[in-house]
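Q: Please pick one part of this model and look at it closely. Start from a single residue, then work outward through its surroundings.

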Amino acid sequence: MARSSGILADSDIQGLFENNILKSDRPLDKDQIQPASLDLRLGKKAYRVRASFLPGPEKQVIDKLEQFKLHEFDLENGAVLETGCVYIVPLIETLALSDELSASANPKSSTGRLDIFTRIITDYAQEFDKVTSGYHGQLYLEISPRTFPVIVRTGSRLSQIRFRKGKSGLNESELLTLHKKEMLVSDEHPNITASGVGLSIDLTGNSSGLVGYRGKHHTGVIDVDKRGVADVLDFWEPIYDRGSHSLILDPDEFYILVSREAVHVPPLFAAEMTPFDPLIGEFRVHYAGFFDPGFGNHEAGGKGSRAVLEVRSHEVPFILEHGQIVGHLVYEHMLRHPKSLYGRDLGSNYQAQGLKLSKHFKPL
């Protein structure tokens, strides 16, 4: 039975296409609709721009592109996006939302793990990654590779969008009740507040002492559409614990780390990772924030999965300690049970994961 408010499930997203609320001039990829989100695809053309921007309440994105673009180029046959540059790409999917639907976007997990900074922009927007209720129009993706240059093409999927009807978030009391029933995180004394379920960092390492990876500079390119072809050590420096259970983050370096807790998202809920209060430290955690229903869930073939964390320090070195809280999981109700769950149903890449790089790399 469907709720009156919540996150739209896969069957509801399919219905958006059937009712022309979501539109595309190309057939959908068979795995494009996820349990609680839709992967968005790059269009035919990209614009390199001088700087990131928001159009503001009186402008369309195309107006700003004409003002700030340096050049435009075709993506049909693939193109390299360089580090340190900002690109805007119109997406294949367009929207005609009703007044009761809104949406939010995030980078896909693999996008975040490659340190590709992406944000959705709409016409007249005053915020990134937010689509207001009733929006009709084009979607654009801002792309800025931070660590590795990447190859993308028309149809590449770097971001995902969720659709929301009404208010769907769980409050502190509801989170505590759900945790007692479903075990949202593997912690005897979870940090559950009005901000969500706290996640902390694991710096003890696996059986070999590996605690994470630091991105290398001046590497080759990564093709975002090719799996298991890149050599890990060409792009990453492994980091090992030497007994201190701590890590000094160097300014503007990119790290892949993992949460201490295993995470569980029950089938009737979705979750999103939000950064911890920046007042406790000048670092950013986790670009890619969506956790679909079934992540780490027994019903979906998992036994709890740890959250991989993309971490970057800003301005000054910062010391992370094992067990330090670095982010929160915000849980929301689904409108209905998805047809498919993250994990076994979809052959998902990161179910039952520990410390894991993106799908583009060969196993070590």
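A: Helices (H or I, at least four residues) and strands (E, at least two) are DSSP runs, numbered from the N terminus. With that, Thr219 can be placed: this residue sits in the loop between strand 16 (210-215) and strand 17 (222-223). The model is predicted, so local features need pLDDT of at least 70 and side-chain atom pairs count only at pLDDT 80 or more, while totals for chains, interfaces and linings use all residues. Residues are numbered from 1 along each chain as its sequence is written, and side-chain values use heavy atoms, with hydrogens and water left out.

Thr219 has a relative accessible area of 15%, so it is buried (under 20% relative accessible area; exposed is over 50%, partly exposed in between; 1.4 Å probe, protein chains only). Its contacts (heavy atoms within 4.5 Å) are Phe148, Pro149, Asp234 and Phe235, leaving aside residues up to four places away in sequence.

Two of those partners lead to the rings. Aromatic pairs here are rings of Phe, Tyr and Trp (its six-membered ring) with centres within 6.5 Å; planes under 30 degrees apart are stacked, over 60 edge-to-face, the rest tilted. The model has 10 aromatic pairs by this rule. Phe148 and Phe235 make one of them: edge-to-face, with 5.4 Å between centres and 90° between planes. This pair bridges distant parts of the chain. Phe148 is in the loop between strand 11 (136-145) and strand 12 (150-152), and Phe235 is in helix 5 (residues 232-235), 87 residues apart. Phe148 and Phe235 are both buried.

Trp236 and Phe254 also pair. Their centres are 6.0 Å apart and their planes meet at 40°, so this pair is tilted. Trp236 belongs to strand 18 (residues 236-240) and Phe254 to strand 20 (residues 254-263), so the pair ties together parts 18 residues apart in sequence. Both Trp236 and Phe254 are buried. One aromatic cluster takes in Phe148, Tyr213, Phe235, Trp236, Phe254 and Phe361.

Now follow strand 12 and strand 17. Both belong to an open sheet of 3 strands, in the order 6-12-17, with mixed pairing (two strands pair if DSSP finds at least two bridges between them). Strand 6 (79-81) and strand 17 are the edges, and each pairs on one side only. Strand 6 and strand 12 run antiparallel and are joined by 3 bridges. Val80 faces Ile151 of strand 12 across that pairing.

Past strand 17 comes Val224, in the loop leading to helix 5. Val224 has 10% relative accessibility, so it counts as buried. Its C-alpha lies 6.1 Å from that of Ile151, although the two are 73 residues apart along the chain. Outside residues up to four places away in sequence, Val224 touches Leu114, Ile116, Val150, Ile151, Val152, Ser156, Leu158 and His360.

Which chain elements cover the buried residues of helix 2? Strand 11, which borders the loop of Phe148, is among them, along with strand 4 (45-49), strand 5 (69-74), strand 7 (86-96) and strand 9 (116-122). The buried residues of helix 2 (residues 61-68) are Val61, Lys64, Leu65 and Phe68. They span an arc of only 105° around the axis, so they lie on the same side of helix 2 (the arc is that of the directions from the helix axis to the C-beta atoms).

Strand 7 also helps cover helix 1 (residues 10-18). There the cover includes strand 2 (22-23), strand 3 (38-41), strand 8 (101-107) and strand 13 (157-165) as well. Buried in helix 1 are Asp10, Asp12, Ile13, Gly15, Leu16 and Phe17. Asn20 follows helix 1 with a positive phi, near 60°.

Two more rings carry a charge over the face (NZ of Lys or CZ of Arg within 6 Å of the ring centre and within 35 degrees of the ring normal). Arg119 lies over Phe128, 3.5 Å from the ring centre. Arg162 puts its charged end over Phe290, 4.3 Å from the centre.
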